[in-house]
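Trainee: Could you walk me through this structure? I'm new to it, so please keep things plain.
Mentor: Happy to; let's open it up.

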Amino acid sequence: LDENVKLHGFVEDPLVFYNRADLLLVAAVDESMPQTIIQAMACGVPVASTNVGGVKDILRHLYTGLLISGLGPDEIASTVLEWLLLPAEQCLEMVDRAQRVANFLARSSYVKFELIDLYCEAFRRSGRTKQNSPQLAEAGSNPLSPSVTTTVQEIEEIKQYVTKYFR
């Protein structure tokens, strides 16, 4: 196994790593927004990852990558074997779709939309309103409103894409 598998810790220049990698294997027990997975997808590296945190929002099994069904070594090994046995054409199609998803996720309008939505949700959960917040009363509206910084067309494009590929 040592001849065929190399375990890396922190990599100073990930592009060099991705250019040499055959597969990115992520055996994490928790991931919020998996930047390493998105980077690998953008570089055309197939990804196999445990289905934790935000991974399920990015990877769809055999569509944009491989989702490992559990956290144990048998599930991980089974998924790697599944990848090794994939026909080359299916692997190339999966990588192509993954690159398109990574490209979409890197769009500033998408990032902006997601961040605004996240901040708006945090604001709603905090229970603060114009009535009990002098700063908001002075502003006259929610400063985090998506309509202020993201166009309606951008939001619609994002919704259509997410509905098409992730629902």
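**Inside and outside the chain**

Mentor: A good place to begin is Leu-24, which touches Phe-17, Thr-36, Ile-37, Ala-40, Val-45, Pro-46, Val-47 and Ala-48, leaving out residues up to four places away in sequence. Contact here means heavy atoms within 4.5 Å.

Trainee: Before we go on, what kind of model is this?
Mentor: This is a predicted model: local features need pLDDT of at least 70, side-chain atom pairs count only at pLDDT 80 or more, and totals for chains, interfaces and linings use all residues. Residues are numbered from 1 along each chain as its sequence is written, and side-chain values use heavy atoms, with hydrogens and water left out.

Trainee: Thanks. How many helices and strands are there in the chain?
Mentor: The chain has eight helices and three strands. Starting at the N terminus, the order is α-β-α-β-β-α-α-α-α-α-α. Helices (H or I, at least four residues) and strands (E, at least two) are DSSP runs, numbered from the N terminus.

Trainee: Back to the inside. Which residues have the most contacts in the largest nonpolar core?
Mentor: Those are Leu-24, Ile-37, Met-41, Val-47, Leu-59 and Leu-105, in a core of 26 residues. A nonpolar core is a set of buried Ala, Val, Leu, Ile, Met, Phe, Trp, Tyr and Cys residues joined through side-chain atoms within 4.5 Å. Buried means under 20% relative accessible area, exposed means over 50%, and partly exposed is in between (1.4 Å probe, protein chains only).

Trainee: And which elements supply at least two residues of this core?
Mentor: Helix H1 (14-20), strand E1 (24-26), helix H2 (35-42), helix H4 (88-105), helix H5 (108-126) and helix H8 (152-166) each do. H4 gives the most, with five residues. There is also a second, separate core of seven residues, including Leu-66, Trp-83, Leu-86 and Met-94.

Trainee: Let's look at H2. Which of its residues are buried?
Mentor: In H2, Ile-37, Ile-38, Ala-40 and Met-41 are buried. They sit on the same side of H2 because they cover an arc of only 160° around the axis. That arc is taken from the directions from the helix axis to the C-beta atoms.

Trainee: What covers them?
Mentor: The cover for the buried residues of H2 includes H1, E1, strand E2 (47-50) and H4. After H2 comes Gly-44, with a positive phi near 80°.

Trainee: You listed Leu-59 in the core. Where is its place?
Mentor: Leu-59 is in the loop between E2 and strand E3 (66-68). Leu-59 counts as buried because its relative accessibility is 2%. Setting aside neighbours within four places in sequence, Leu-59 is in contact with Ile-37, Met-41, Val-47, Ser-49, Thr-64, Gly-65, Leu-66 and Leu-67. Leu-59 and Met-41 are 18 residues apart along the chain, and their C-alpha atoms are separated by 9.7 Å.

Trainee: What about Leu-62, is it buried or partly exposed?
Mentor: Leu-62 is partly exposed, with a relative accessible area of 25%. Leu-62 is also found in the loop between E2 and E3. Its phi is near 65°, a positive value in a residue other than glycine. Most residues other than glycine have a negative phi.

Trainee: New topic: how many salt bridges does a search of the whole structure find?
Mentor: The search finds one. Arg-100 pairs with Asp-96, with the closest N and O atoms 3.2 Å apart. A salt bridge is a side-chain nitrogen of Lys or Arg within 4 Å of a carboxyl oxygen of Asp or Glu. Both residues lie in helix H4, four residues apart, about one turn of the helix. An α-helix has 3.6 residues a turn, so residues three or four places apart point the same way.

Trainee: Are those two buried or partly exposed?
Mentor: Arg-100 is partly exposed at 40% relative accessible area, and Asp-96 is partly exposed at 37%.

Trainee: Last one: how much of the chain counts as buried?
Mentor: Of the 167 residues of the chain, 34% count as buried.
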